[in-house]
Amino acid sequence: MMTASEIKIFDDPLAVAQGLTDDVVAVLENQNTIHFALSGGSTPQVLFKLWADQFATKIDWSKIHFWWSDERCVPPDDPESNFGVVQQLLFSRISIPESNIHRMRGESNPEAEAARYGEQLRQHLPIENGRPAFDIVMLGMGGDGHTASIFPHQMELLDAESDCAVAVHPDSGQRRITLTGPVLNNARLVAFLITGEGKREMTKTILNGHEDSRLYPTAWIKPVGQLNFYLDRAAAGNLT
Ligand code: 6PG
């Protein structure tokens, strides 16, 4: 059974984004610097827009070092680039030191970039339990139960020796750079943002601890710190 620390259900994606932002602001009140890994895909775009629209001057962005939980192996100006989306929606509209932005270089050789990124993590983040320790790791969940770029056909990435690895999308074959399970699970706070009716069944399977949930990477994210789910009503269904 997945033991979430908190399951927070909101009316709509914007309210989900606001709910996570409230918790991020609370973390920032107690720390001068936080290391924050962003997820990709479409779900977090409402969050990046909210931050640019309403928090550009309300958050001291110099306190946040942004990393990524995963990246597609494409150039940063490719529409598929997770970094490119944040650059367009957020970084281009706020004041944040370039040195606070630690993108995965999707344009590089994947194996070399996974190694480089892992070294960067160990240079910049505190090491706890033998692994880099993020303050916040934001994650999404695919309809197939994947998270970051750990897909059901590559469950071994959940206990990889490396901190960062090369993954392959099962349908497109697209190569990805991803944080591995031990790093994700070493976070002080893991925040899943899951919205939309298309995620309802998988969300129910995982949060209800259905027998099949062991087949899905999301079910194996059990951080040493807090595990929070931020859901909209469409994804939560009849979960309470
Ligand atoms: C990515 C993500 C991935 C994403 C899920 C959900 O690079 O695509 O990191 O893990 O969070 O696939 O994606 P959506 O938010 O687009 O449904």
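# Chatting through a predicted model

Mentor: Let's start with helix H3 in this predicted model. Of its 8 residues, 6 are buried, so H3 is largely enclosed by the rest of the structure.

Trainee: Nice place to begin. Which residues of H3 are the buried ones?

Mentor: They are Asn82, Phe83, Gly84, Val85, Val86 and Leu89.

Trainee: And what do those buried residues pack against?

Mentor: Three strands and a helix: strand S2 (34-38), strand S3 (64-68), strand S4 (70-72) and H2.

Trainee: Let's stay with H2, then. How do H2 and H3 cross?

Mentor: Their axes cross at roughly 30° and come within 9 Å, with H3 spanning residues 82-89. That makes H2 roughly parallel to H3, because angles under 35 degrees count as roughly parallel.

Trainee: Is that crossing left-handed or right-handed?

Mentor: The crossing of H2 and H3 is right-handed. On the H2 side, Gln45, Phe48, Lys49 and Ala52 make the contact, and they meet Val85, Val86 and Leu89 of H3.

Trainee: How does the contact of H2 with H3 split by class?

Mentor: There are 5 nonpolar residues, 1 polar and 1 charged.

Trainee: What about H1 and H2, at what angle do they pack?

Mentor: Helix H1 (residues 13-29) packs on helix H2 (residues 45-54) at about 65°, and their axes are 9 Å apart. That makes H1 roughly perpendicular to H2.

Trainee: And the handedness of H1 passing H2, left or right?

Mentor: H1 passes H2 in a right-handed crossing. From H1, the contact uses Pro13, Leu14, Ala17, Gln18, Leu20 and Thr21, while H2 brings Val46, Leu47, Leu50, Trp51 and Gln54.

Trainee: How many charged residues sit in the contact of H1 with H2?

Mentor: No charged ones there; the contact divides into 8 nonpolar and 3 polar residues.

Trainee: Pro13 caught my eye in that list. Is Pro13 buried, partly exposed or exposed?

Mentor: Pro13 lies in helix H1, and it counts as partly exposed, at 33% relative accessibility.

Trainee: What does Pro13 touch, not counting residues up to four places away in sequence?

Mentor: Pro13 touches Val46, Thr195 and Asp232 on that count. Another link to the far end of the numbering is Ala235: its C-alpha atom is 9.9 Å from that of Pro13, although the two are 222 residues apart along the chain.

Trainee: Changing topic to the core. Which residues have the most contacts inside the largest nonpolar core?

Mentor: Phe36, Phe48, Trp61, Phe91, Phe134 and Leu179, in a core of 74 residues. The largest share of this core comes from S10, with 6 residues.

Trainee: Take Phe91. What is Phe91 in contact with, leaving aside neighbours within four places in sequence?

Mentor: Phe91 is in contact with Phe66, Trp68, Phe83, Val86, Ile96 and Ile101. You met Phe83 and Val86 a moment ago, among the buried residues of H3.

Trainee: Good link! What covers the buried residues of H6?

Mentor: The buried residues of helix H6 (residues 200-207) are Met202, Thr203, Thr205, Ile206 and Leu207. Their cover includes strand S1 (6-10), strand S10 (189-194), strand S11 (226-232) and helix H7 (233-236). Just after H6, Gly209 takes a positive phi of about 65°.

Trainee: That one is a glycine. Which residue other than glycine has a phi near 55°?

Mentor: Asn129 does. Asn129 is found in the loop between strand S5 (127-128) and strand S6 (131-132), and it is exposed, with a relative accessible area of 63%.

Trainee: And Ala148, where is its place, and is it buried or exposed?

Mentor: Ala148 is in the loop between strand S7 (136-139) and strand S8 (164-168). It counts as buried, at 9% relative accessibility. Ala148 also has a positive phi, about 50°, although it is not a glycine.

Trainee: Last one: what is Asn228 in contact with, again leaving aside neighbours within four places in sequence?

Mentor: Asn228 is in contact with Ser5, Glu6, Lys8, Asp23, Leu189, Val190, Ala191 and Phe192. Asn228 lies in strand S11 and counts as buried, at 3% relative accessibility.

Trainee: How are the C-alpha atoms of Asn228 and Tyr216 placed?

Mentor: They are separated by 18 Å, with the two residues 12 apart along the chain.

Methods
Residues are numbered from 1 along each chain as its sequence is written. This is a predicted model: local features need pLDDT of at least 70, side-chain atom pairs count only at pLDDT 80 or more; totals for chains, interfaces and linings use all residues. Side-chain values use heavy atoms; hydrogens and water are left out. Axes are lines fitted to C-alpha atoms, for helices over the stretch in contact, and angles run from 0 to 180 degrees between N-to-C directions. Helices (H or I, at least four residues) and strands (E, at least two) are DSSP runs, numbered from the N terminus. Angles under 35 degrees count as roughly parallel, over 145 as roughly antiparallel, 65 to 115 as roughly perpendicular and the rest as oblique. A crossing is left-handed if the near helix is turned anticlockwise from the far one by less than a right angle, and right-handed if clockwise. Contact means heavy atoms within 4.5 Å. Ala, Val, Leu, Ile, Met, Phe, Trp, Tyr, Cys and Pro count as nonpolar, Asp, Glu, Lys and Arg as charged, and the others, Gly among them, as polar. Buried means under 20% relative accessible area, exposed over 50%, partly exposed in between (1.4 Å probe, protein chains only). A nonpolar core is a set of buried Ala, Val, Leu, Ile, Met, Phe, Trp, Tyr and Cys residues joined through side-chain atoms within 4.5 Å.
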